[in-house]
Amino acid sequence: MCAHQCYQRLSSNTLKFATLPNNACINLCDLNISRWLEAHSDRSAGLTTFARNVILADVSGDGDYKLVLTDVRIQTDKRSRLKVYKGTLLTSDQVLPDVPSSVISFYTDDLEPRVPAVAVACSSDLLIFKNNKPFYKFCVPPGPLTPLEEECWKLFAEPNYDTQKLITDLKSVNFNQLSGRSQELLNLQPNQAQEYIQRYVGITPIKTSPIVCMSTLNRSSQDALAVACPVLGTEDGIIYVLDPQIFTVLHQANVCNVKSTPTIIKTTGMYDVEFRIVVACRENSICVLRRGWLEGKPVVQLNEDIIDLLLIPGDNFIIIGTTSKMLHCYTKRGQRVWSAATVNAITCLCLVPLKHLSTHLIAVGLKGGSVHLYHGRQTVDYTNSPDTPSAMVFGQLGQEEHVMVIITMGGTINFKILKRTADFNLSNQDKLSVPTLQSKPLPLPKRSKLFIEQSMRERQDPMQMHQSFQQDLVNLRLTAARALVQNLTEQSGAGNAEEQVKLSAQILGLGPKFTLILTLENMNGDKAVSNFSVVFHAKPTIYKLSSYLSTVPLIPPGLSYKLETKVTEVLKSGEEQLPGQAIRVFVIRKGQAHPVLAATINMPPTEITTLLFIFSQKFKSACEKMRAFSKRPPDSDILEVYSFYKQATLGDINIPKPSDIQGRAKWEAWNGKKGLAADLAKQKYIEKVQGLSGTYA
């Protein structure tokens, strides 16, 4: 006699023990130890659902993740339902108005507590729930009717119309291009058509396209609790990206440039930055949409039907399961990486993220009840379900992080928990699972002479090179910090609470020419402001302005007016550059002596690099002007100009004294400027040429 006990984990904090009969002795040595714990299996659940209709979400915002699914009923006498399970206990059961096609969950805002919304696609409506209660309903925008259908329904309102002829005309139109009303009319018996037409006489039909698939796209962050946008795919082949707060269309695009009906949507990236939407189509093609595109681009065309699709995070590999018992892997550009055959027909796929192992597995549901787990193209594990899986989901349920929920075609719901000690022997599989695309050698460039010389320098004195790099990096950071401080100080603002106007200023440019942008804002939300003028005051010896007086037009309530003024710094030769000076700005109202607003704008000094460039251009211009003199200056002036030029371009004299009279005079003039700095010599040259140009130019 021996008694054994096994436990089943029903939820995150509930354990149920079941005592086996005394004669049911099990020899564990004869069993293949599984990496999965069988937590619960309910064969009487009677669920009918499909892939993308099952999710795990924290619907209450308390950290207790729940199972959310749709129980699909196609029969006319039964209604589909939205069900929520807490562990294995059904806590919510709501009737849906139509057959659901997909379920998603997403966060609509950053408010606390963080409660996600659950959205269910029913026909052309997106039903949004929060806290298991109806929250909002979004309707897909209607599409245009075909001219023939619109004309037929107008003729139905005429007193003498031929019903049979008009119905025949409607049948000539492609069934998918008709509105739901016309489609229903064509499916009625002839004796029922007349009564149906009379019910809608004078009412123009509306063509709405049902939502066939959905996904979510993060708005501006990759965090797990980040706000996300719903992404909808319709029967007409249109992709809608919705605003998660006001549920309006942010972006609309066609799946492809040819007629394609989406069946599966996967997304990556962020809407506000860059994103990629991967769409599997009923026409056995894979299309990709990117930010700003109005229609997708086909990247993969298959010869067999697509069962399910996954997008591997990080590498963005596209995993496709097909009806030919094949599992394919493609890059985001459509290049095939590998293919693997399965033992049975594929029914669904599920992504198994394992953060503690820094990897992702692919769970493949197979006909007959097997679930195989792949790492790349290699099978690393398998488990069984009571029946053929129709939908699978993996993630956190309750407080347990690694739970797989399998719903079978027979209606059974099965809960499995991944053991914390499971490692799948991935270290041994890494070499086998490397994609063939990555095993190709990289096209390394040949070693050039420059590369070899640089390598030799790095080997000879690596410490000095590293110190130089660190010094330049510190200087770069210091320059960036100074620029930031300068930019912040250039932003100035002043306001008048009584007049309800605000003045702000911004300075653009490195000098000596700046652009001064003034913004006058009307802070009154009900009343416009007018009769204002802006007066600038600056020292004419320092700054010259393009305009000193500007009239401000009427500013509507809550709006602002921008005014641009060109400012030129006066650079005097031979004087040291002064630090940035101030420009006074006055906002005055017509008929008043005192200004409404007064502000002081501190102008930045001209950048030293700009000054050097201007100084170099002046010296070059002076040289050209000297050569273009129409009259010859006296020899004494020519010798002085010559000496300044030589000292500015070559420095101190470096040649022996010539013996001839002319050469000796030039040598003595140049030698007389010995010790004079090059910049000062250039300045003296410019001043001397300017002095001579009035007489000899």
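Helix axes that meet at an angle over 145 degrees count as roughly antiparallel, and that cut-off helps with two of the views below of this predicted model.

**View 1. Helices α9 and α11 pack against each other.** Here you're looking at α9, residues 635–650, and α11, residues 678–696. Their axes sit 8 Å apart and the packing angle is about 150°, so the two helices are roughly antiparallel. The crossing of α9 past α11 is left-handed. On the α9 side, the residues to look for are D637, E640, V641, F644, Y645, Q647 and A648. They meet A678, A681, K682, K684, Y685, K688 and L692 of α11. Sorted by class, this contact has 8 nonpolar residues, 1 polar and 5 charged.

**View 2. Helices α1 and α2 cross.** Now we move to α1 (residues 147–155) and α2 (residues 163–171), whose axes come within 10 Å. They cross at roughly 165°, which makes this pair roughly antiparallel too, therefore. The crossing is left-handed. From α1, the contact takes in L148, E149, C152 and L155, while α2 brings L166, D169 and L170. Count them by class and you get 5 nonpolar residues, 2 charged and no polar ones.

**View 3. The largest nonpolar core is built around many strands.** This core holds 28 residues, and L518 and F536 are the ones that touch the most other members. Strands β32 (501–508), β33 (513–522), β34 (532–537), β35 (543–545), β37 (560–569), β38 (582–589) and β39 (597–602) each supply at least two of its residues. Which residues is F536 in contact with, leaving aside neighbours within four places in sequence? The list runs L516, L518, L545, S547, Y548, S550, L563, T565, I583, R584 and V585.

**View 4. A second core stands separate from the one above.** This one has 19 residues. Among them are C350, L354, A363 and M392, so to speak the signposts for finding your way around this view.

**View 5. F138 sits in strand β11.** The strand covers residues 133–139. Is F138 buried or exposed? Its relative accessibility is 7%, so F138 counts as buried. Setting aside neighbours within four places in sequence, F138 is in contact with S124, D125, L126, L232, L242, F247 and V249. For another landmark, pick out A121: F138 and A121 are 17 residues apart in sequence, and their C-alpha atoms are 9.5 Å apart in space.

Notes: Residues are numbered from 1 along each chain as its sequence is written. This is a predicted model: local features need pLDDT of at least 70, side-chain atom pairs count only at pLDDT 80 or more; totals for chains, interfaces and linings use all residues. Side-chain values use heavy atoms; hydrogens and water are left out. Axes are lines fitted to C-alpha atoms, for helices over the stretch in contact, and angles run from 0 to 180 degrees between N-to-C directions. Helices (H or I, at least four residues) and strands (E, at least two) are DSSP runs, numbered from the N terminus. Angles under 35 degrees count as roughly parallel, over 145 as roughly antiparallel, 65 to 115 as roughly perpendicular and the rest as oblique. A crossing is left-handed if the near helix is turned anticlockwise from the far one by less than a right angle, and right-handed if clockwise. Contact means heavy atoms within 4.5 Å. Ala, Val, Leu, Ile, Met, Phe, Trp, Tyr, Cys and Pro count as nonpolar, Asp, Glu, Lys and Arg as charged, and the others, Gly among them, as polar. A nonpolar core is a set of buried Ala, Val, Leu, Ile, Met, Phe, Trp, Tyr and Cys residues joined through side-chain atoms within 4.5 Å. Buried means under 20% relative accessible area, exposed over 50%, partly exposed in between (1.4 Å probe, protein chains only).
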